[in-house]
Amino acid sequence: MGDVLPFKRKTAWQKHKGSSLCRDGFHKWVVVTERKFDVKQGKLVTEYRCQRCGKTKTELL
């Protein structure tokens, strides 16, 4: 069986909760995995995730 989907629409407050800064490009980055090694590029990789919206980014060292 498939996943159960909510039928109720989110309110405006729930929809935009904590994302106004992120929409303007001011994310709150937190380190998720530090010093993970990328074999293909031969470099250390640090992964960041925004606390507010959940967007992820990677940075090569």
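**Exercise 1. Determine how many aromatic pairs the structure holds, and identify the ring over which the charged end of Lys-57 sits.**

Solution. The structure holds zero aromatic pairs; a pair requires ring centres of Phe, Tyr or Trp (its six-membered ring) within 6.5 Å, with planes under 30 degrees apart counted as stacked, over 60 as edge-to-face and the rest as tilted. The charged end of Lys-57 sits over the ring of Tyr-48, 5.4 Å from the ring centre. The criterion is NZ of Lys or CZ of Arg within 6 Å of the ring centre and within 35 degrees of the ring normal.

The model is predicted: local features need pLDDT of at least 70, side-chain atom pairs count only at pLDDT 80 or more, and totals for chains, interfaces and linings use all residues. Residues are numbered from 1 along each chain as its sequence is written, and side-chain values use heavy atoms, with hydrogens and water left out.

**Exercise 2. Establish the strand order of the sheet and the direction of its pairing.**

Solution. Strands are DSSP runs (E, at least two residues), numbered from the N terminus, and two strands pair if DSSP finds at least two bridges between them.

1. The open sheet has three strands in the order β1-β2-β3, with antiparallel pairing.
2. β1 (29-38) and β3 (56-60) each have a single partner strand and stand at the edges, so one side of each lacks a neighbour in the sheet.
3. From one strand to the next, the twist averages 25°; axes are lines fitted to C-alpha atoms, and angles run from 0 to 180 degrees between N-to-C directions.

**Exercise 3. Describe the bridges and turns that link β2 to β1 and to β3.**

Solution.

1. Seven bridges join β1 to β2 (residues 43-50). Asp-38 has Lys-43 as its bridge partner in β2, and Lys-36 stands opposite Val-45.
2. Four residues separate β1 and β2 in their hairpin, where Gly-42 in the turn has a positive phi of about 70°.
3. Five bridges join β2 to β3, and Arg-49 stands opposite Thr-56 in β3.
4. The hairpin of β2 and β3 has five residues between the strands, and Gly-54 takes a positive phi near 90° there.

**Exercise 4. Is Thr-46 buried or exposed?**

Solution. Thr-46, in strand β2, has 5% relative accessibility and therefore counts as buried (under 20% relative accessible area, against over 50% for exposed and partly exposed in between; 1.4 Å probe, protein chains only). Not counting residues up to four places away in sequence, Thr-46 touches residues including Val-31, Thr-33, Lys-57 and Leu-61, where contact means heavy atoms within 4.5 Å.
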